[in-house]
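Thanks for sharing this one. Here are my notes, set out as numbered points to read alongside the model.

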Amino acid sequence: MLRFASLASGSKGNCLVAEVGGTRLLVDCGLNLRDAERRLARLNLMPSDIDGILVTHEHGDHACGAFDFAAAHGATVYLTHGTLGALGAEGKVIEGVKTVILEKKSLTIDGMEVIPFTVPHDAREPVQFVLSDGAARLGVLTDIGSPTAHVEQTLSGCDALVLECNYDVDMLWSGAYPRWLKERIAGPFGHLDNGQSERLLGALDCSRLKHVICAHLSQQNNRPELARAALARAMGCEESWIGLATQEDGFGWREA
Ligand SMILES: [Zn+2]
Ligand SMILES: [Zn+2]
């Protein structure tokens, strides 16, 4: 059985937990140590229950707490060469923490299959993940400027998807952000808007999907109902069926 939950989702911090049998991995840890520990308790987990942390890329909202958590609780950090180099340059790598370099192939960590896949985003060597217990597949996709054929192929046929809906195009361009930042967010190495996520979801094989959750919503440039409506259009389902990952609460346990 594969189950998953989120501790937080958004530009102030991202952290998801996936569990197969007795193996629990975090996808990103963009929370400080205390906050991560407190939020794990909400999911009835102890920090020592976490075996490893898969880091998608070096941006602070994904990686700021990864090494602190791993050092405090004996977890292994899994990341690409590029992400390790970028975090090292920022002084965020803690000596003595066990690290495993992710290659462009799947690996199995204590019964959980982890498939890293490359995405276009303005980081050194960003990846996102599909996680599996050998039967059900959970696809996680945030922090990507534009979907690629590789991304579509990798996410097709998943049982659960956590999908970035970062911004609404009109809200972003009419909003208060400086022009350079709007261009970065909307650019090919920025983030997905609701419409891009809708089109991506519409292009996937959704026949097995039991969960679709919008994630990494901008608090300034998006509204939950817009994101949900976009993904519901792609699925041809009720908006209430589409899940929502929030900054403060993430979302509770779901079974893929
Ligand atoms: Zn992010
Ligand atoms: Zn990022």
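1. Let me begin with the pocket, keeping in mind that this is a predicted model. Helix α7 (residues 179-186) gives the largest share of the lining of the largest pocket, with three residues. The volume of this pocket is about 210 Å³. It is lined by 16 residues, and those closest to its centre are Ser11, Asn166, Arg184, His191 and His216. Sorted by class, the lining has nine polar, four nonpolar and three charged residues.

2. His216 takes us on to the metal site, as it is also one of the protein donors of the zinc ion (ligand 1). The others are Asp61 and Asp143, each through OD, and His62, which like His216 uses NE2. These donors lie 2.1 to 2.3 Å from the zinc ion. Along the chain their spacing reads D-H-x80-D-x72-H.

3. Why is the arrangement around the zinc ion (ligand 1) irregular? The four donor atoms subtend angles of 90 to 156°, whereas a tetrahedral site would need all angles between 85 and 135 degrees. The upper end of that range is therefore outside the tetrahedral limits.

4. Please look at Asp143 as well: it coordinates both the zinc ion (ligand 1) and the zinc ion (ligand 2), which are 3.8 Å apart. As for the two histidines, His62 sits in helix α2 (residues 60-63), while His216 belongs to the loop between β12 (211-215) and α9 (224-235). The pair therefore ties together parts that are 154 residues apart in sequence. Both side chains belong to buried residues: the relative accessible area is 0% for His62 and 2% for His216.

5. Now to strand β3 (residues 23-27): is it enclosed or open? Five of its five residues are buried, so the strand is largely enclosed by the rest of the structure. The burial applies to both faces, with Thr23, Leu25 and Val27 on one side and Arg24 and Leu26 on the other. Do note that Arg24 is on that buried list.

6. Which strands pair with β3? Strand β2 (residues 15-20) runs antiparallel to β3 and is joined to it by five bridges. These two strands form a hairpin with two residues between them, and Gly21 in the turn has a positive phi of about 60°. Strand β4 (residues 52-54) pairs with β3 in the parallel sense, over three bridges.

7. Val27 is a handy residue for tracing this pairing. In β3, Val27 is the bridge partner of Leu16, and in β4 the bridge partner of Val27 is Leu54.

Key. Residues are numbered from 1 along each chain as its sequence is written. Chains are lettered from A and ligands numbered from 1 in the order in which they are written. This is a predicted model: local features need pLDDT of at least 70, side-chain atom pairs count only at pLDDT 80 or more; totals for chains, interfaces and linings use all residues. Side-chain values use heavy atoms; hydrogens and water are left out. On a 1 Å grid over the protein atoms alone, a cavity is a set of points where a 1.4 Å probe fits but cannot get out, and a pocket is an open set with protein on both sides within 12 Å along at least five of seven lines; lining residues have an atom within 4 Å of a point. Grid points are joined across faces, edges and corners, and a volume is the space filled by probe spheres set on the points. Helices (H or I, at least four residues) and strands (E, at least two) are DSSP runs, numbered from the N terminus. Ala, Val, Leu, Ile, Met, Phe, Trp, Tyr, Cys and Pro count as nonpolar, Asp, Glu, Lys and Arg as charged, and the others, Gly among them, as polar. Donors are N, O and S atoms within 2.8 Å of the metal (3.2 Å for Na, K and Ca); water is not among the atoms, so sites may look incomplete. Four donors count as tetrahedral if all angles lie between 85 and 135 degrees; four count as square planar and six as octahedral if opposite donors are over 155 degrees apart and all others between 65 and 115; anything else is irregular. Buried means under 20% relative accessible area, exposed over 50%, partly exposed in between (1.4 Å probe, protein chains only). Two strands pair if DSSP finds at least two bridges between them.
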